[in-house]
Amino acid sequence: MPWDWRRENRASQSTPVRQPTLRSQPTSSNLPACVNSDCNCSDFRTQAEAQRVLEAFLNDRFRLDGDKDGVACESLP
């Protein structure tokens, strides 16, 4: 029936789900291993290391920027 065809056609044209949260493809040389599971501030030696992870992932995936000012793990040296 025409309404069945339209329903199937609409379902196949649904908008794709936005998957990537990465700004760039990380390599093991520039990001720590914790990005494969869950990072927190104690995983980093310096604030600069944490900042690289914050900038590599959209939406602060690991919650490294507690006060949402764009600076990750501010208590680190």
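1. Start with two phenylalanines: F57 is buried, and F62 is buried too. Keep in mind that you are looking at a predicted model. A pair of aromatic rings is described by the distance of the centres and the angle of the planes. A search through the whole structure turns up one aromatic pair. The ring centres of F57 and F62 sit 5.2 Å apart with the planes at 80°, so this pair is edge-to-face. The angle is what decides the label, because planes over 60 degrees apart count as edge-to-face.

2. Next, the core. In soluble globular proteins, nonpolar side chains tend to be buried together. Here the largest nonpolar core has 15 residues, and the ones touching the most other members are V35, F44, V53, F57, F62 and L64. So both rings from the aromatic pair turn up again in that list.

3. Have a look at F44 while you are there. Which residues does F44 touch, leaving out those up to four places away in sequence? The list is P32, C34, C39, E49, A50, V53, L64, C73 and L76. Three cysteines are among them, C34, C39 and C73, and they come back in the next points.

4. Now the disulfides. A disulfide is a covalent bond between the sulfur atoms of two cysteines. How many disulfides does the count come to? The count is two. Numbering the bonded cysteines along the chain, the pattern is 1-2, 3-4.

5. One of the disulfides joins C34 to C39, with 2.0 Å from S to S. The angle about the S-S bond is 95°, and this link between C34 and C39 is right-handed. C34 and C39 are both buried.

6. The other link is between C41 and C73, with the sulfur atoms 2.1 Å apart. It ties together distant parts of the chain: C41 belongs to the loop between α1 (2–12) and α2 (47–56), while C73 is in the segment after α2, and the two are 32 residues apart. The link of C41 and C73 is left-handed, with -90° about the S-S bond, whereas the link of C34 and C39 is right-handed.

7. Are the two ends of that link buried or exposed? C73 has 3% relative accessibility, so it counts as buried. C41 has 27%, so it counts as partly exposed. The cut-off for buried is under 20% relative accessible area, which means that C41 falls outside it.

8. Time for some charge. Side chains of opposite charge can pair when their charged atoms come close. The structure holds one salt bridge, and its partners are R45 and E49, whose side chains meet at 3.2 Å, N to O. R45 is exposed because its relative accessibility is 67%. E49 has 17%, so E49 counts as buried. That puts a buried residue and an exposed one in a single salt bridge.

9. There is a second link between these two residues. The backbone nitrogen of R45 lies 2.8 Å from a polar atom of the E49 side chain. E49 itself is in helix α2. What separates the C-alpha atoms of E49 and P32, which are 17 residues apart along the chain? The separation is 8.4 Å. Both E49 and P32 also appear among the residues that F44 touches.

10. Q51 is another residue of helix α2 worth a click. Its relative accessible area is 12%, so Q51 is buried. The Q51 side chain reaches the backbone oxygen of G70 at 3.0 Å. Setting aside residues up to four places away in sequence, Q51 touches G70, V71 and A72.

11. Finally, check the backbone angles. Most residues other than glycine have a negative phi, and most peptide bonds are trans. D60 has a positive phi of about 45° even though it is not a glycine. R63, also not a glycine, has a positive phi near 55°. D60 is in the segment after α2, and so is R63.

12. Where do those two stand on burial? With a relative accessible area of 15%, D60 is buried. R63 has 61%, so R63 is exposed.

Terms used:
Residues numbered from 1 in each chain as written. Predicted model: local features only at pLDDT ≥ 70, side-chain atom pairs only at ≥ 80, totals over all residues. Heavy atoms only, no water. Phe/Tyr/Trp six-rings, centres within 6.5 Å; stacked < 30°, edge-to-face > 60°. Buried < 20%, exposed > 50% of the residue type's maximum accessible area, 1.4 Å probe, protein only. Disulfide = S-S within 2.5 Å. Helix = DSSP H or I, 4+ residues; strand = E, 2+ residues; numbered from the N terminus. Core = buried A, V, L, I, M, F, W, Y, C linked by side-chain atoms within 4.5 Å. Contact = heavy atoms within 4.5 Å. Polar contact = N/O pair within 3.5 Å; in protein donor to acceptor, adjacent residues only side chain to side chain. Salt bridge = Lys/Arg side-chain N within 4 Å of Asp/Glu carboxyl O.
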